[in-house]
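Let's take a walk through this protein together. Have the sequence and the 3D view ready, and follow along as we go.

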Amino acid sequence: VRATAAAVDEGALDAVRADGPPRTLIWVADSGPAHAAGTLLTAALGAATAVPIVVTAEVPPWTGALDVVVVAGADAGDPVLVSAAATGVRRGARVVVVAPHEGPLREVTAGRAAVLAPRLPVPDEFGLTRYLAAGVAILAVLDRGLRVDINALADELDAEALRNSAAREIFTNPAKNLAERMSGRQVVLAGEGAAMLALVRHAAT
């Protein structure tokens, strides 16, 4: 999250800024944490932003110059992502790559897309926060009425990680306490509302 905030501060999203909001933010991800992040982003912020969000596995046929296409995933060689990026660029949409900017993905977007590539190597199953941070940052750039401090969010996540660090004893450690309660038992994850349901589905995987 902090690496994403740093990239935005350095101007990584300047290419997608415009005077008005886009017609649609199209979040392209076929599976995994990237798709979960798109679903969670829509559920949590869809009602708070003037930018309509569509989560899909491929670029819709109506995509054009009024739209922003976000290509999110962990594999720069994924044909779905490469095809989506190429289509978005060809149709004149503003394209944001939230994936490693290398290989085929780099070839089809070189110089024609904003890039929020991962700066730290993290297994993709732990990538939900990175995709979410990228989505929130993109929305904040597209919708000036949406105020989000990603650096402050990173501070909160750091503090939470510290509270749950391995060095802390179980009686002051929420993570160890939860792990102790779950150990040796069948676990049901439940959520109320679309945002929580998206989160628990991701957690269940």
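Start with the empty space: in this predicted model, the largest pocket has a volume of about 440 Å³. How do you find a gap like that? Rolling a probe the size of a water molecule over the atoms shows where empty space is left. The largest pocket is lined by 24 residues, and the ones closest to its centre are Val1, Ala3, Leu120, Val122 and Arg130. Three elements each give two or more residues to this lining: α1 (2-9), α5 (128-142) and α6 (150-163). Of the elements, α1 provides the largest share, with four residues. And what are the walls made of, by class? You'll count 16 nonpolar residues, three polar ones and five charged ones in the lining.

Now stay with Arg130, one of the residues closest to the pocket's centre. Its charged end sits over the ring of Tyr131, 4.5 Å from the ring's centre. What about rings meeting rings? A pair of aromatic rings is described by the distance of the centres and the angle of the planes. Here, with centres required to lie within 6.5 Å, the count of aromatic pairs is zero.

Next, look for the sheet. Five strands make up an open sheet, and reading across you meet β2-β1-β3-β4-β5, with parallel pairing. Which strands sit at the edges? Those are β2 (53-56) and β5 (114-115), each of which pairs on one side only. Zoom in on β1 (residues 25-28) and β3 (residues 68-72): these two run parallel and pair over four bridges. To see one partnership up close, find Leu25, whose bridge partner in β3 is Val68.

Notes: Residues are numbered from 1 along each chain as its sequence is written. This is a predicted model: local features need pLDDT of at least 70, side-chain atom pairs count only at pLDDT 80 or more; totals for chains, interfaces and linings use all residues. Side-chain values use heavy atoms; hydrogens and water are left out. On a 1 Å grid over the protein atoms alone, a cavity is a set of points where a 1.4 Å probe fits but cannot get out, and a pocket is an open set with protein on both sides within 12 Å along at least five of seven lines; lining residues have an atom within 4 Å of a point. Grid points are joined across faces, edges and corners, and a volume is the space filled by probe spheres set on the points. Ala, Val, Leu, Ile, Met, Phe, Trp, Tyr, Cys and Pro count as nonpolar, Asp, Glu, Lys and Arg as charged, and the others, Gly among them, as polar. Rings of Phe, Tyr and Trp (its six-membered ring) pair if their centres lie within 6.5 Å; planes under 30 degrees apart count as stacked, over 60 as edge-to-face and the rest as tilted. A charge sits over a ring if NZ of Lys or CZ of Arg is within 6 Å of the ring centre and within 35 degrees of the ring normal. Two strands pair if DSSP finds at least two bridges between them.
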